[in-house]
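These are my notebook entries on one structure. I set down what I looked up, entry by entry.

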Number of protein chains: 2
Amino acid sequence: MILKAIVRDYTSSGVPVGSKALAAQLPMHVSSATVRNEMAALEELGLIAKTHSSSGRIPSVKGYRYYVDHLVQPDPIKANDIDIIKSSLEGQFLKIDEIIETSAKILSNLTSYTAFSLKPEHKQSRLSGFRLVPLGKRQVMAVLVTDNGDVESQTFNITTKITGDQLEAVVRLINDQLIGKPLDEVLASLQSDIPMQVANYLQQPEGFLKVFGDVLTQAAQDRFYVGGRLNLLNFSDSNDVDELKSLYTLMDHSDDMADVLGQPSDHIQVQIGSEMTNDILRDYSLITATYEAGDHGKGVIALLGPTRMPYSRMIGLVGAFRQELAQRLIDYYRYFDQ
Amino acid sequence: MILKAIVRDYTSSGVPVGSKALAAQLPMHVSSATVRNEMAALEELGLIAKTHSSSGRIPSVKGYRYYVDHLVQPDPIKANDIDIIKSSLEGQFLKIDEIIETSAKILSNLTSYTAFSLKPEHKQSRLSGFRLVPLGKRQVMAVLVTDNGDVESQTFNITTKITGDQLEAVVRLINDQLIGKPLDEVLASLQSDIPMQVANYLQQPEGFLKVFGDVLTQAAQDRFYVGGRLNLLNFSDSNDVDELKSLYTLMDHSDDMADVLGQPSDHIQVQIGSEMTNDILRDYSLITATYEAGDHGKGVIALLGPTRMPYSRMIGLVGAFRQELAQRLIDYYRYFDQ
DNA sequence: CTTAGCACTTGAGTAACTTGAGTGCTAAAA
DNA sequence: TTTTAGCACTCAAGTTACTCAAGTGCTAAG
């Protein structure tokens, strides 16, 4: 009970909590001396710590961990918040990516922290179509479609004149050989046998191969969105510009962030301070939740805030958000899969 | 001479400059007392100011203005820097936007400030082509091409089954009526007569119209890139998070930034502190240069740094960069226009 | 017109002191 | 055995006083 009170107090006030204030606040009558004794015991266990020898206590990482694992009760979400979530997700989105991106934005707005969202995805997307669309004199657009509906495109200029026949031949080549294969295999072929074959049809295949490669890697990448980047400036108390820069750089690398988010799990997961895989995040905490969009795979939403965050509220919020988002996506797919 | 020395000293050290240090540094022999007298005169003219009653002097906005207008000699660019610029622009870019984007990056790297770049553009681009590419069961990609080679595309899902004939009819409709028209006119028709006509071919035209509108506004927007966003954290000495946020928000609005950059001009323009049109930038300075890419229109590069920046070096650098970029673009166009 | 000299101003840094919130420990009370 | 009152002790943070160095303006002499 004392640990719980300490966490609650400290996360809301940011000030180390002392025995007297704590005693006054506990449901039963105890003196501050008693509380002091108990606190000494908690400190012995490594659950709380002092900032200096005569200061009040703050929870240690271990203390937060215990709190999150055994004590926290997710706050029931406020009616107001659920309205905001519902109405923001309500609109007529034409693309699923817009829903995912908006999610990160709403979540960051509601919390004033930084939010991440990862599109639901099957383990392995496969190539389901490739096209070259001639646009003008010398411009061609390469379009790639995967079996779960992702589309990537890129325009490029061609140097030598290329006939429609040539383009078609290349498209046919790609489609014949690569359709249905997982993207990583496609990428592998691109390093090995494809270039030679393309060279039969195009005189200068480099440009085409580069674009094809670009589009492929884009499609293979996780669809990762960050919302409320700037909120980091609020809750980071680091004044070290270099550290802020590293953080922003980290957030821009979706593969590094995928490591940080960790393995998907059915529970809402909380990583606290130094528990984080990436040392840059040692002063922050991350709440991660996997959501399931019917049989369209699993996605992730996550919330990055200070270690000293009001976990009960945040866990409640992320939980509610996860549900709303899953529901919204199921509706979305139902609408388009019909 | 004294004003020049004060600006040079202060921009490099950041410390108000006093009479003694200044006297020691001037080319002729004068005592500090003489310098003090002159400084009093300069202060009278409003060109320099004190931070407190017994401090050394710093240039005022008016002083910087005089310095920039009459005294500054652009530094000759370092061989090293020119190498960096040349080699970064050298690669085989497939799209002009990549060159423009890279420019902002290089310029910000070289200076540790924040750089902006605006793509060269004719006053009015015109619609030169529109296509709908069917991608899968229910996905269609809309592609729009303008007469100066910009391509915008967007995918959307369709709710009701649409036949190839229907798509072709819509494409033909758009192309017949709108090709060759400036984009703003096209946008105007989209608000008026087009919807009715499209309704003849599609049962639920809303989705299509939204996508067409999106793609149009994207294409009509200035192509604006920011490099070295994070460098703002270095040179801004404001600790006010809200102010930083406003700055970042400003940078993300290309139309607001277009106002800030001002009218194109053949000279390199410098806006200092409170001269800036936007009050948020009152503690910064902006160096702007227009570059001309043959007859493909004019673009802009700009550099945002602290008011207290080494103008001679920065002006030299921006000038050199402008030249290199113009040359690079002319080469680019020569290659593809051939 | 320039310069030496001097009294004066001020921010920045340092040391000394005060205050208040909080602790641990002891011994008495429950 | 547990709880509590009491008390001496600790420490960060704020305040005050003081020193120092860099700089100024002004005056009077060169």
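**Entry 1: DNA strand C**

I began with the atoms of DNA strand C that come within 4 Å of the protein: 79% of them belong to sugar or phosphate, and the rest to bases. The model is predicted, so to speak of local features I need pLDDT of at least 70, and side-chain atom pairs count only at pLDDT 80 or more, whereas totals for chains, interfaces and linings use all residues. Residues are numbered from 1 along each chain as its sequence is written, chains are lettered from A and ligands numbered from 1 in the order in which they are written, and side-chain values use heavy atoms, with hydrogens and water left out.

I then looked up which residues surround DNA strand C, where a residue is near a strand if one of its heavy atoms lies within 4 Å of it. There are 20 of them, and the closest are Ser19(A), Ser31(B), Thr34(B), Ser53(B) and Ser54(B). The side chain of Ser19(A) has an N or O atom 2.6 Å from a phosphate oxygen of DNA strand C. For Lys50(A), the distance from a side-chain N or O atom to a phosphate oxygen of this strand is 3.3 Å. A polar side-chain atom of His52(B) lies 3.5 Å from a sugar or linking oxygen of DNA strand C. Two or more residues of this surface come from each of α3 of chain A and α3 of chain B (helices are DSSP runs of H or I, at least four residues; strands are runs of E, at least two; both are numbered from the N terminus). I noted that α3(B) gives the most, with 4 residues.

**Entry 2: DNA strand D**

I turned to DNA strand D, which 19 residues surround; the closest are Ser31(A), Thr34(A), Ser53(A), Ser54(A) and Ser19(B). Sugar and phosphate make up 73% of the atoms of DNA strand D that come within 4 Å of the protein. A side-chain N or O atom of Thr34(A) is 2.4 Å from a phosphate oxygen of this strand. Which part of DNA strand D lies 3.2 Å from a polar side-chain atom of Arg36(A)? I found that it is a base oxygen. In the surface near DNA strand D, α3(A) gives the most, with 4 residues.

**Entry 3: chain A and chain B**

I next recorded the contact between the chains (heavy atoms within 4.5 Å). This contact takes 36 residues from chain A and 36 residues from chain B. The two chains bury about 3,300 Å² between them, 60% of it on carbon and sulfur atoms; buried area is the accessible area (1.4 Å probe) that two parts lose on being put together, summed over both. I found 0 salt bridges across the interface (a side-chain nitrogen of Lys or Arg within 4 Å of a carboxyl oxygen of Asp or Glu). The interface has 5 residue pairs in polar contact, both at pLDDT 80 or more. A polar contact is a pair of N or O atoms within 3.5 Å; within protein, one must be able to donate a hydrogen and the other to accept it, and residues adjacent in sequence count only if both atoms are side-chain atoms. On the side of chain A that touches chain B, the largest share, 6 residues, comes from β6(A).

**Entry 4: Arg57(B)**

Finally, I looked up Arg57(B), which is in strand β2 (residues 57–59) of chain B. Is Arg57(B) buried or exposed? Arg57(B) counts as buried because its relative accessibility is 11% (buried is under 20% relative accessible area, exposed over 50%, partly exposed in between; 1.4 Å probe, protein chains only). Its side chain makes a polar contact of 2.7 Å with the side chain of Glu43(B).
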